[in-house]
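Student: Could you walk me through this model, sheets and pocket and all? I'd like to see how each answer is reached.

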Amino acid sequence: SYIDNGGMGIDVLQLVQNNAPLPVEFISFEARKEQQQVKLNWRVTNEENIRVYHVERSADGVNYTSIGSVAPKPAATINDYAFTDKDPLDNVNYYRIREEDIDGKAFYSAIRIVRFQEAVFTVSLYPVPAKDELTVKLITSDNEPVHITITDVQGRTIYRRKVSLSTGDNIQKIPVNTLMNGTYFIDVKGSGKQWVGKFIKE
């Protein structure tokens, strides 16, 4: 069809287009792992007619489901938002933000990926039997403190120490030269994890 705008058809059309609200612009979107949670932060500009921000997660990068929503803030040049996924998936997590306008239109952020490996916590002792010093090698996937406790066969605590572990290999050397010969039990306990073993002192 043809609309006669008195010779100003193109200009009027451009004016209408220029007055149309632009989609929200995602300046940044970050997803970072903090212990067993994922912190999501995004910054936006050009907010206009925003109904809600949906936080979506996927296990395969294809099928997404909403895990929460964040209400828009009062209009400003730039706004910052945050959301915490308190129960992420065990392996790979794909995240995106879906902005929903009041008219139902949707605009998406970039996709961010956070991987969770299965927790690792192994302990080995050497030399066994031990004479002067016992070496405790701990391998963990988390930065966390643990308590190392040594007890005798009567259940009496002989040694107890709190140590801070870092991701990867950790070595702790325990002097045992003052212990009587015999069998001892060692307990390594952290947050939600525990290892119990024994060694012989000669």
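Tutor: Sure, and one term first: two strands pair if DSSP finds at least two bridges between them. Strands are DSSP runs (E, at least two residues) and helices are runs too (H or I, at least four), numbered from the N terminus. Also, this is a predicted model, where local features need pLDDT of at least 70, side-chain atom pairs count only at pLDDT 80 or more, and totals for chains, interfaces and linings use all residues. Residues are numbered from 1 along each chain as its sequence is written, and side-chain values use heavy atoms, with hydrogens and water left out.

Student: How many bridges join β9 to β10?

Tutor: A hairpin joins β9 to β10 through six residues. One bridge pair here is Ser 124 with its partner Lys 137 in β10. The two strands run antiparallel, and the number of bridges joining them is six.

Student: What is the strand order in the open sheet with β9 in it?

Tutor: Start from the edges: β9 (121-126) and β13 (168-175) each pair on one side only. Strand β10 (residues 133-140) is joined to β13 by eight bridges, antiparallel, with Val 136 opposite Gln 172 in β13. On average, neighbouring strands of this sheet are turned by 20° against each other, direction ignored (axes are lines fitted to C-alpha atoms, for helices over the stretch in contact, and angles run from 0 to 180 degrees between N-to-C directions). The pairing is antiparallel and the order is β9-β10-β13.

Student: Which residues of β9 point to the buried face?

Tutor: Buried means under 20% relative accessible area, exposed over 50%, and partly exposed in between (1.4 Å probe, protein chains only). Side chains alternate along β9, and Thr 122, Ser 124 and Tyr 126 point to the face where they are not buried. Pointing the other way, and buried, are Phe 121, Val 123 and Leu 125.

Student: Which prolines in the loop between β9 and β10 follow a cis peptide bond?

Tutor: Most peptide bonds are trans. In the loop between β9 and β10 sits Pro 127, and the bond from Tyr 126 to it is cis, with omega near -10°. Pro 129 has its place in that loop too, and the bond leading to it from Val 128 is cis with omega near 5°. The names you want are Pro 127 and Pro 129.

Student: Why do β1 and β5 each have a side without a neighbour in the sheet?

Tutor: They belong to an open sheet of three strands, ordered β1-β2-β5 with antiparallel pairing. β1 (25-34) and β5 (78-85) stand at its edges, so each is left with a single partner strand. The average turn between neighbouring strands there is 15°, direction ignored. As for partners, β5 pairs with β2 over eight antiparallel bridges, and the residue of β5 that stands opposite Lys 39 is Thr 84.

Student: Which backbone atom does the side chain of Thr 45 reach?

Tutor: Thr 45 lies in β2 (residues 37-45) and counts as buried because its relative accessibility is 17%. A polar atom of its side chain is 2.6 Å away from its backbone partner, the oxygen of Thr 77.

Student: Is Asn 93 buried or exposed?

Tutor: Asn 93 is in strand β6 (residues 92-101). A polar atom of its side chain lies 2.7 Å from the backbone nitrogen of Leu 89. Its relative accessibility is 0%, so Asn 93 counts as buried.

Student: What is the phi of Gln 35?

Tutor: Most residues other than glycine have a negative phi. Gln 35, in the loop between β1 and β2, is exposed because its relative accessibility is 70%. Though not a glycine, Gln 35 has a positive phi of about 55°.

Student: How much space lies in the largest pocket?

Tutor: On a 1 Å grid over the protein atoms alone, a pocket is an open set of points with protein on both sides within 12 Å along at least five of seven lines, whereas a cavity is a set where a 1.4 Å probe fits but cannot get out; lining residues have an atom within 4 Å of a point. The largest pocket has 18 lining residues, with Gln 35, Gln 36, Phe 116, Ser 141 and Asp 142 nearest its centre. Grid points are joined across faces, edges and corners, and volume is the space filled by probe spheres set on the points. That space comes to about 570 Å³.

How values were computed. A polar contact is a pair of N or O atoms within 3.5 Å; within protein, one must be able to donate a hydrogen and the other to accept it, and residues adjacent in sequence count only if both atoms are side-chain atoms.
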